[in-house]
Amino acid sequence: MNSTKRSILDTALRLFNELAYSKVTIRMIAQALDMSSGNLNYHYKKRDAILEALYFDMVRVFDERIEQLEQKEINFNTIKEDIKDSMERMIEFRFFWTDFYNLLQQNETIKRHFTDAYVNRKKGTKLLFSILIKKGLMKSASHPKEHDFLIEKMIGFSNTWLYTSSVYKTEKLTATFIDRQADILLSFLYPYLTETGKKQLEAFIPSFFA
């Protein structure tokens with residue numbers, strides 16, 4: 001990607017985060033760059049093209065993380081670090097997550113990828129569960145759909161925690177707040193863990209279970 005395109009995306013991301021996607025025009029992005037709208041249109045013909053470029057820039061990291069799952073050491077610490085990395089990435093592109101339902105309806109390309117990514121996220125989470133089961137940290141499912149229900153809850157929280165935080169909470173998006181949100185998501189596993197797994201999780205995030 002050339003430097004002009006990178007500058008356009010970086011500026012658009014800043015404006016989208018500050019004002020919301022719906023309130024930012026091509027002209028506003030061009031003005032912020034001291035560039036003519038025609039020059040910007042040479043690189044990105046419409047605002048949707050900028051949105052798509054930012055979206056795929058964001059999810060590239062998520063996709064890579066799922067692909068590398070089998071090569072990583074899996075424990076509660078590495079799981080939490082992955083959760084926090086994902087949350088920090090979401091904050092970087094927060095305009096999308098605070099309005100993601102509307103943006104999915106507006107852009108068919110993003111909606112298709114997001115739908116496919118959802119399937120891959122489910123597969124990745126199932127793989128994570130299978131590793132935890134082999135390690136004796138998680139119980140096997142007592143019902144064929146039990147883990148599917150858990151995955152739905154975890155992905156649902158992952159998709160909406162940032163939006164919910166912006167609507168219902170007054171805390172700033174500090175490292176402490178992100179750490180707390182990661183603990184909440186990690187705690188979803190607790191009822192499904194073995195006694196060994198529960199003890200390890202309690203020791204790992206003792207303040208959460210105090």
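**Exercise 1. Describe how helix α5 packs on helix α10.**

Solution.
Step 1: take the limits. α5 covers residues 76-92 and α10 covers residues 175-187. Helices here are DSSP runs (H or I, at least four residues), numbered from the N terminus.

Step 2: take the geometry. Two packed helices are described by the angle between their axes and the distance between the axes. The axes of α5 and α10 come within 9 Å and cross at roughly 125 degrees. Each axis is a line fitted to C-alpha atoms over the stretch in contact, and angles run from 0 to 180 degrees between N-to-C directions.

Step 3: classify. α5 and α10 are therefore oblique to each other. (Under 35 degrees counts as roughly parallel, over 145 as roughly antiparallel, 65 to 115 as roughly perpendicular, the rest as oblique.) The crossing of α5 and α10 is right-handed; that is, the near helix is turned clockwise from the far one by less than a right angle.

Step 4: list the residues that meet. α5 contributes F76, I79, K80, I83, K84, M87, E88 and I91. α10 contributes I178, D179, Q181, A182, D183, L185 and L186. Contact means heavy atoms within 4.5 Å.

The model is predicted: local features need pLDDT of at least 70, side-chain atom pairs count only at pLDDT 80 or more, and totals for chains, interfaces and linings use all residues. Residues are numbered from 1 along each chain as its sequence is written, and side-chain values use heavy atoms, with hydrogens and water left out.

**Exercise 2. Place Q181 and T174, and state how far T174 is from E88.**

Solution.
Step 1: Q181 sits in helix α10. Its relative accessible area is 5%, so Q181 is buried. (Buried is under 20% relative accessible area, exposed over 50%, partly exposed in between, with a 1.4 Å probe and protein chains only.)

Step 2: set aside neighbours within four places in sequence. Q181 then contacts M87, F157, W161 and S165.

Step 3: T174 belongs to the loop between α9 (146-168) and α10. T174 is partly exposed, at 38%. Its C-alpha lies 10.0 Å from that of E88, although the two residues are 86 apart along the chain.

**Exercise 3. Check the span of α1 and inspect both its ends.**

Solution.
Step 1: α1 has 17 residues. The expected span is 1.5 Å times one less than the number of residues. For α1 that gives 24 Å, and the model reaches 24 Å from first C-alpha to last.

Step 2: at the N-terminal end, N2 is the cap. One of its side-chain oxygens lies 3.1 Å from the backbone nitrogen of T4.

Step 3: look along the helix. Buried residues of α1 include I8, T11, A12 and L15. An α-helix has 3.6 residues a turn, so residues three or four places apart point the same way.

Step 4: after α1 comes A20, with a positive phi near 95 degrees. A20 is in the loop between α1 and α2 (26-32), and is partly exposed at 31%.

**Exercise 4. Which phi value does D34 have, and is D34 buried or exposed?**

Solution.
Step 1: phi of D34 is positive, about 55 degrees, and D34 is not a glycine.

Step 2: D34 lies in the loop between α2 and α3 (37-43). At 74%, D34 is exposed.

**Exercise 5. Describe the surroundings of H113.**

Solution.
Step 1: H113 lies in helix α8 (residues 108-134). H113 is buried, at 19%.

Step 2: beyond four places in sequence, H113 contacts Y55, F56, V59 and D63.

Step 3: the side chains of H113 and Y55 share a polar contact of 2.8 Å. (A polar contact is a pair of N or O atoms within 3.5 Å; within protein, one must be able to donate a hydrogen and the other to accept it, and residues adjacent in sequence count only if both atoms are side-chain atoms.)

Conventions:
Helices (H or I, at least four residues) and strands (E, at least two) are DSSP runs, numbered from the N terminus.
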